[in-house]
Amino acid sequence: VRSKVIAIDGPAAAGKSTIAQKVAQMLGYIYIDTGAMYRAVTLKALNEKVDVTDEETIAKMLKNTTIRLTNDKKVFLDEVDVTDAIRQPIVSQNVSAVSAIRFVRDELKNRQIEYAKTDNVVMDGRDIGTNVLPNADYKIFMTASVDVRAKRRYDENLRRSIACDFETLKEEIELRDKLDSTREHSPLTKAEDAIVVDTSDLTIDEAVDAIINIVKKGG
Ligand code: C5P
């Protein structure tokens, strides 16, 4: 039988990865954070001092890059643990440029499709339901107000001891959404058949329950 796919898309900091990982745990599915893959490519470009708009050099670089995601949310770039490094503000500020590159999208899409071939997956990102796995069994579009999203990211940064300013963070989130939604190749957009889950007034557990209920009802 074909493996099951739950696609969770939505704007930055809507709670996708926290909630998707818990849903995966509860269902015994593999969790794939596709944003982490784009972040890993961006980190490598920054480390190698490659201009993030230099499509040709980044394409070459990506061909010789391994990205490995573990089910406990660790990310390995060429077998080095970059779980924390990919969350740095400098990566967030440059990832939209890298993810707009056609070759990067095609290559990571192929790798994402491979993951979904062998296992049941919960995959989160921006274009999973629209482009990567349009035949997903369940499609969720997860949103929250920009103030709530900025506050959550602010609190998360405090916990990780990353210095930040609330207003700056909010502007960065809005800019990233704008770039991701207006790019030419597979922009962030709600799939027509996706179910909207607004997490503004939901706790993590309530959001997880909302998705589990959608799955139980069979879409
Ligand atoms: O999910 P996260 O915020 O970590 O994603 C980081 C960035 O990766 C997004 O802002 C977007 O530019 C890119 N991305 C994408 N397509 C996906 C997942 C992430 O373009 N499926």
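1. In this note, a residue is called buried when its relative accessible area is under 20%, exposed when that value is over 50%, and partly exposed in between. The structure under review is a predicted model. By the first of these criteria, D127 and R105 are both buried. These two residues form a salt bridge, in which the closest N and O atoms are 3.0 Å apart. The pair joins distant parts of the chain, with D127 in the loop between β6 (121–125) and α6 (128–132) and R105 in helix α5 (residues 102–118), 22 residues apart.

2. The buried pair should be read together with the ligand. The side chain of D127 has an N or O atom 2.8 Å from a nitrogen atom of the ligand. For R105, a polar side-chain atom lies 2.8 Å from an oxygen atom of the ligand. R126 also takes part, with an N or O atom of its side chain 2.9 Å from a ligand oxygen atom. There are 16 residues around the ligand, and those that come nearest are R39, S99, D127, R176 and D180.

3. Salt bridges in the model number 17. As background, side chains of opposite charge can pair when their charged atoms come close. One of the bridges connects E114 with K117, the closest N and O atoms being 2.9 Å apart. Because E114 and K117 are three residues apart in helix α5, about one helical turn separates them. With a relative accessibility of 45%, E114 counts as partly exposed. K117 has a relative accessibility of 55% and therefore counts as exposed, the cut-off being over 50%.

4. A further salt bridge pairs D147 with K170, at 3.1 Å between the closest N and O atoms. This pair also links distant parts of the chain: D147 belongs to helix α7 (residues 146–159) and K170 to helix α8 (residues 166–182), with their positions 23 residues apart. The two ends of the bridge fall into separate accessibility classes. D147 is partly exposed, with a relative accessible area of 40%, whereas K170 counts as buried at 17%. In addition, D84, R153, E156 and R160 are joined into one network by salt bridges that share partners.

5. The geometry of α7 merits comment. Its 14 residues should span 20 Å at 1.5 Å a residue, and the end C-alpha atoms are 20 Å apart, which agrees. The buried residues of this helix are V146, R149, A150, R153 and N157. These residues cover an arc of only 95 degrees around the axis, and they therefore lie on the same side of α7. Their packing partners are α2 (34–47) and α8. Just after α7, S161 adopts a positive phi of about 60 degrees.

6. Helix α8 can be examined in a similar manner. It has 17 residues and reaches 24 Å from its first C-alpha to its last, close to the 24 Å expected at 1.5 Å a residue. Buried in this helix are L169, K170, I173, R176, D177 and D180. Seen down the axis, the buried residues of α8 fall within an arc of 130 degrees, so they line one face of the helix. The buried residues of α8 pack against α2, α4 (89–99) and α7. On the other side of α8, E171, K178 and T182 are exposed.

7. Some residues of α8 recur in the earlier points. K170 is among the buried residues of the helix and is also the partner of D147 in a salt bridge. R176 and D180 are likewise buried in α8, and both are among the residues that come nearest to the ligand.

8. K178 provides a contrasting case within helix α8. Its relative accessible area is 57%, so K178 is exposed. The C-alpha atoms of K178 and I162 are separated by 24 Å, the two residues being 16 residues apart along the chain.

9. A last remark concerns Q21, which is found in helix α1 (residues 16–27). Is Q21 buried or exposed? With a relative accessibility of 17%, Q21 counts as buried, because the threshold is under 20%. Leaving aside residues up to four places away in sequence, Q21 touches Y31, N71, D72 and K73.

Note on methods:
Residues are numbered from 1 along each chain as its sequence is written. This is a predicted model: local features need pLDDT of at least 70, side-chain atom pairs count only at pLDDT 80 or more; totals for chains, interfaces and linings use all residues. Side-chain values use heavy atoms; hydrogens and water are left out. A salt bridge is a side-chain nitrogen of Lys or Arg within 4 Å of a carboxyl oxygen of Asp or Glu. Helices (H or I, at least four residues) and strands (E, at least two) are DSSP runs, numbered from the N terminus. Buried means under 20% relative accessible area, exposed over 50%, partly exposed in between (1.4 Å probe, protein chains only). The expected span of a helix is 1.5 Å times one less than its number of residues. The arc is that of the directions from the helix axis to the C-beta atoms. Contact means heavy atoms within 4.5 Å. A residue is near a molecule or strand if one of its heavy atoms lies within 4 Å of it. A polar contact is a pair of N or O atoms within 3.5 Å; within protein, one must be able to donate a hydrogen and the other to accept it, and residues adjacent in sequence count only if both atoms are side-chain atoms.
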